[in-house]
Amino acid sequence: MNLVNLSTSIHRLAKLAATEVQTQSLLRSNEVVIALLATIQSKLVQARVDSNLQQSLSNIAWSLATMLAQDQTVLVLVADLASEVVDGFKPYELSTLVWAFAKVYGNDGLPPSARRLFLTVATQTSKVLQRFNFRSLANIVWAYATVGMHHFQLFTNIADEMIHIAHSANCQGIANTIWAFSTADHCDLKLFDVLTEAALPLMNCFKEIGRASCRERV
């Protein structure tokens, strides 16, 4: 199996556990998953740049984050390779990548390889903002705020772009964006005004999110 096959396999398995904590735990200790990650590690060491590499890296990172599996060796390899080929990522792949690292590390502090990746992604994202939809941009600012990387210029650039496409935002994207900008202490009143306007027709959706959050806390 090549890296594409392996990353697809781990992605399919992780998808089964996306909302099931018990399944996530079972997968992390499963012998097949452990062997699969070991093979992925060896393939990453030998990886060559091709048209499928970025998607494979994004899928691997998402899978580890979804299973809450902190395989440090694989994550370092993914971060280092992604930093080298960052300009070849599609917007969704790039936003998924940083979301995954933020999900894994939270506010515990990024390792050096992941921190380099976040700095590289900030530069790349700012160059091609018009290619991103609202959801991808929301995931990016959420990721940076979550790990405590308050990149002023990136947030400024994303705010400017979000103002133009806020009409396409859903309630989750709006909520995550407001949380991210507030957590990063990045005040953009124009963006907040536009998001408030976009949120008004979606108030029932926000109520559903609130109820779901309450159920999760019980």
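The legends below describe views of a predicted model, beginning with the whole chain and moving on to close-ups of one helix pair and two residues.

**View 1. The whole protein chain is built from helices, with twelve helices and zero strands.** Read along the sequence, the elements of the protein chain follow the pattern α-α-α-α-α-α-α-α-α-α-α-α. The C-alpha atoms fill a box of roughly 50 × 40 × 30 Å, taken along the principal axes. For 218 residues, a compact globule would be expected to have a radius of gyration near 17 Å, and the 18 Å computed for the protein chain agrees with this. Of the 218 residues, 48% count as buried. When contacts between residues at least 6 apart in sequence are considered, 75% of them join residues that are at least 24 apart.

**View 2. Helix α6 (residues 91-105) and helix α8 (residues 134-147) come together with their axes within 8 Å.** The two axes cross at roughly 25°, and because angles under 35 degrees count as roughly parallel, α6 and α8 are described as roughly parallel to each other. The crossing of α6 and α8 is left-handed. On the α6 side, the residues that take part in the contact are P91, Y92, S95, V98, W99, A102 and K103, and they meet R135, S136, N139, I140, W142, A143, Y144, T146 and V147 on the α8 side. Sorted by class, the contact of α6 with α8 has ten nonpolar, four polar and two charged residues.

**View 3. A138 is a residue of helix α8, shown here with its contacts from elsewhere in the sequence.** The relative accessible area of A138 is 2%, and because a value under 20% counts as buried, A138 is classed as buried. Leaving aside its neighbours within four places in sequence, A138 is in contact with M162, G173 and T177. The view can also be used to find I178, which is 40 residues away from A138 in sequence, although the two lie 9.0 Å apart in space when taken from C-alpha to C-alpha.

**View 4. S63 lies in helix α4, which spans residues 53-67.** Is S63 buried or exposed in the model? With a relative accessible area of 0%, S63 is buried. Once its neighbours within four places in sequence are left aside, the residues in contact with S63 are I10, H11 and A14.

How values were computed:
Residues numbered from 1 in each chain as written. Predicted model: local features only at pLDDT ≥ 70, side-chain atom pairs only at ≥ 80, totals over all residues. Heavy atoms only, no water. Axes fitted to C-alpha atoms, helices over the stretch in contact; angles between N-to-C directions. Helix = DSSP H or I, 4+ residues; strand = E, 2+ residues; numbered from the N terminus. Parallel < 35°, antiparallel > 145°, perpendicular 65-115°, else oblique. Left-handed = near helix turned anticlockwise from the far one by under 90°. Contact = heavy atoms within 4.5 Å. Nonpolar A, V, L, I, M, F, W, Y, C, P; charged D, E, K, R; others polar. Rg over C-alpha atoms; globule rule 2.2 N^0.38 Å. Buried < 20%, exposed > 50% of the residue type's maximum accessible area, 1.4 Å probe, protein only.
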